[in-house]
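Colleague: I have some questions about this model. Please keep the answers brisk.

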Amino acid sequence: MIEKDGVATLEMVKSRFPKKEVLFRPKAIIECYQEIPCNPCETSCPFDAITIGSDINKIPVVDFDKCTGCGICAKVCPGLAIMIVMIKNGKAYFKIPYELLPIPLVGEKWQAVNRNGEILDKPCFIEGVQKNKDMTTIVTVSIEQPYLYEFVTIRSKYE
Amino acid sequence: MRVDEHPILKFEKKNIIHFTFNGQDMIGYDGDTIAAALVDNGIMKFSQSVIHDRPRGFYCAIGNCGSCNMTVNDIKDVKTCMTLLEEGMKVENESQEVIIND
Amino acid sequence: MIEKDLVVIGGGPAGLSACKIAAEAGMKVAVFERSFALGGQLIKQTHKFFGSESQYAKVRGIEIAKILIKDLEGTDTEIFLNATVVGLYKDNIITVYQNGRYFKVKAKAIVIATGASEKFLAFENNDLPGIYGAGAVQTLMNIHGVLPGKEVVMVGSGNIGLIVSYQLIQAGVKVKALVEAAGKIGGYGVHASKLRRLGVPILTNTTVKRAIGKDKLEKIITVKLDQNWNEISGSEEEIACDALCISVGLSPLHQLLSMAEANMLYVNELGGLVPIKTCDYETSLKGVFAAGDVTGIEEASSAMVEGKIAGLMAAKHSGFIHPEYDKLENQLNNELCVLRQGPCGEKIRCGLKKVGELA
């Protein structure tokens with residue numbers, strides 16, 4: 001249970017994803033499962049694709065038709081709970097917020113990790129690194145598509 | 001033990017400050033509290049419980065708990081967690097002597 | 001004796017917010033802060049804040065502190081640092097101790113924004129050096145760049161415990177486990193999720209039984225608790241660590257109000273002893289207002305809003321009406337309502353009912 005161990009179940013994760021067909025373009029996946037007073041994702045979205053409303057405790061809802069996957073929400077989310085996902089040529093591409101050192105370099109092979117903190121069988125590849133003034137780096141990684149609902153972040157570089 | 005590099009914060013190189021702790025030469029940096037400089041130098045025992053005869057360490061860092069009190073430049077009961085380090089400071093564990101004035 | 005229109009005691013988010021509004025209303029303000037810097041707990045918060053835009057959501061705490069301090073520039077606000085208010089008297093006089101000097105200040109109104117202090121936990125050898133309050137670890141790491149240890153265990157899964165654990169990892173410290181006595185995580189799920197994906201075990205129904213070490217911490221013994229908070233014998237486990245962080249809640253720093261004999265009430269949901277106050281944030285002491293954690297433990301976002309309301313009301317009480325009084329009164333009270341209306345606000349709403357503040 002997420003209240004007991006902080007880990008979302010597979011059903012919970014899937015509920016945040018649109019149908020796979022939609023993911024041929026990048027889309028924001030907002031893993032906000034709890035009502036907390038917070039709305040910068042809604043106010044930062046330039047396309048009005050995220051709705052929370054006047055009660056800022058409500059869970060954000062993404063309009064996948066409007067969402068362009070620009071990644072601004074992933075960068076501003078105070079809970080680091082948003083990632084941008086796309087599927088292309090049998091691979092899943094993720095843009096994740098990253099606030100640790102060392103910052104990965106493009107081309108490197110890194111350990112991929114699931115929501116339980118376990119290292120996945122397959123590595124992921126660093127496709128892009130966008131450093132930001134507010135110190136939240138957005139890292140783009142690719143991993144084999146079957147890991148779509150499992151992958152959440154990176155751990156260490158493969159030596 | 002100082003943070004080498006930090007993903008969010010920039011720790012700028014600051015001026016070195018020389019001080020002594022129980023007669024031993026130590027260094028800290030501009031902007032340190034006495035307590036922070038002591039922790040960096042590996043000092044764990046800040047004071048001693050008179051009643052229980054047990055060591056006390058740095059605990060709250062905000063002036064509430066009283067564990068970090070030391071004698072600084074011969075002034076007793078200085079809250080080292082709230083006092084900035086200055087060049088040449090003489091920092092000592094408080095003496096456990098209890099003086100009763102009749 | 002120094003005379004001011006408004007004295008604000010405490011230079012954290014609530015106090016600074018009160019100063020700004022009161023100065024805008026035309027008051028001569030003085031803020032007294034016992035530390036060597038303004039900003040309160042904000043200056044060690046490296047994470048981005050929640051709430052809404054008006055409470056600086058998505059801005060890091062350290063940046064919010066800079067904004068609030070900058071807001072005082074150009075206002076008639078005198079800042080006293082390293083200044084501990086040691087007494088509060090019924091005729092709105094405070095006594096201050098600053099750098100070896102003791103002096104008195106009289107004011108038309110006072111805002112108490114003294115914040116809170118960390119609670120402690122009772123277990124065997126809890127006085128060993130190497131056992132720190134979580135806030136102390138934040139001060140060491142984020143202000144001074146000093147590490148408290150190499151391998152840490154965190155006690156408490158409220159927002160502070162969860163956030164400080166993450167900040168320890170950011171500073172390069174290994175967090176071996178987070179231990180929580182209750183059956184579920186106390187803070188926001190998103191903070192807990194961050195820790196879990198970094199491989200930090202969150203052990204619920206678990207507490208620290210004993211700390212072990214010669215003159216300093218070397219390891220702890222944890223024990224599991226049953227539904228009635230009783231230790232389950234045989235469930236003891238050992239974790240080696242050189243630092244233990246205690247994050248088991250905050251308690252309002254009520255001492256000045258208690259000294260001046262304000263009407264106080266012990267409310268568990270608010271963290272401890274709090275002043276009874278009117279909807280204008282005035283305590284039972286005429287002209288003495290209170291805002292922020294000293295009135296009940298909450299988040300910094302609420303402290304900022306409460307500080308603004310207290311500043312607004314303290315100004316009105318002293319005959320200074322803020323040029324946007326009506327708009328602000330409405331807007332600020334609405335902001336607090338919104339911050340508190342969700343499930344996370346249940347505890348504070350319950351606490352506020354007990355002090356007679358919510359219908």
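Colleague: Start with helix H7 of chain C. Which residue follows H7(C) with a positive phi?

Modeller: This is a predicted model. H7(C) covers residues 300–317. Its follower has a positive phi, near 90°. That residue is Gly319(C).

Colleague: What distance does H7(C) reach from its first C-alpha to its last?

Modeller: The helix has 18 residues. At 1.5 Å a residue, 26 Å is expected. The model comes close to that, with a reach of 25 Å.

Colleague: Why is H7(C) described as largely enclosed by the rest of the structure?

Modeller: A residue counts as buried if 20 or more other C-beta atoms lie within 10 Å of its own. H7(C) is largely enclosed because, of its 18 residues, the number buried is 16.

Colleague: Now helix H3 of chain C. How many of its residues are buried?

Modeller: H3(C) spans residues 134–143, ten residues. The buried ones include Ala134(C), Val137(C), Leu140(C) and Met141(C). Gln138(C), Thr139(C) and Asn142(C) are also among them. H3(C) is largely enclosed by the rest of the structure, because the buried count is nine.

Colleague: Which element of chain B do the buried residues of H3(C) pack against?

Modeller: Their partners in chain C are strands E7 (116–118), E8 (131–133) and E15 (243–246), together with helix H4 (159–170). Chain B adds a helix, residues 34–40. That element is H1 of chain B.

Colleague: And which residue with a positive phi follows H3(C)?

Modeller: The phi there is near 70°. The residue is Gly145(C).

Colleague: On to chain B. In what order do its elements run from the N terminus?

Modeller: Chain B holds one helix and seven strands. The helix comes after two strands. The full order is β-β-α-β-β-β-β-β.

Colleague: Which element of chain B has the lowest mean pLDDT?

Modeller: The mean for chain B is 91, and 97% of its residues reach 70 or more. Strand E1 (residues 16–21) has the highest mean among the elements, 97. At the other end, with 88, is strand E3 (residues 47–48) of chain B.

Colleague: What share of chain B is buried?

Modeller: The chain has 102 residues. Its C-alpha trace spans about 55 × 25 × 20 Å along the principal axes. Buried residues make up 32%.

Colleague: Last, the interface. Chain A has 34 residues in contact with 33 of chain C. Which element gives the most to the chain A side?

Modeller: Two elements of chain A give two or more residues to that side: helix H1 (2–5) and helix H3 (40–44). The top contributor gives four residues. It is H1(A).

Terms used:
Residues are numbered from 1 along each chain as its sequence is written. Chains are lettered from A and ligands numbered from 1 in the order in which they are written. This is a predicted model: local features need pLDDT of at least 70, side-chain atom pairs count only at pLDDT 80 or more; totals for chains, interfaces and linings use all residues. Two residues are in contact if their C-beta atoms, placed from the backbone, lie within 7 Å. A residue is buried if 20 or more other C-beta atoms lie within 10 Å of its own, exposed if 12 or fewer, and partly exposed in between; C-beta atoms are placed from the backbone. pLDDT is the predictor's confidence in each residue, from 0 to 100. The expected span of a helix is 1.5 Å times one less than its number of residues.
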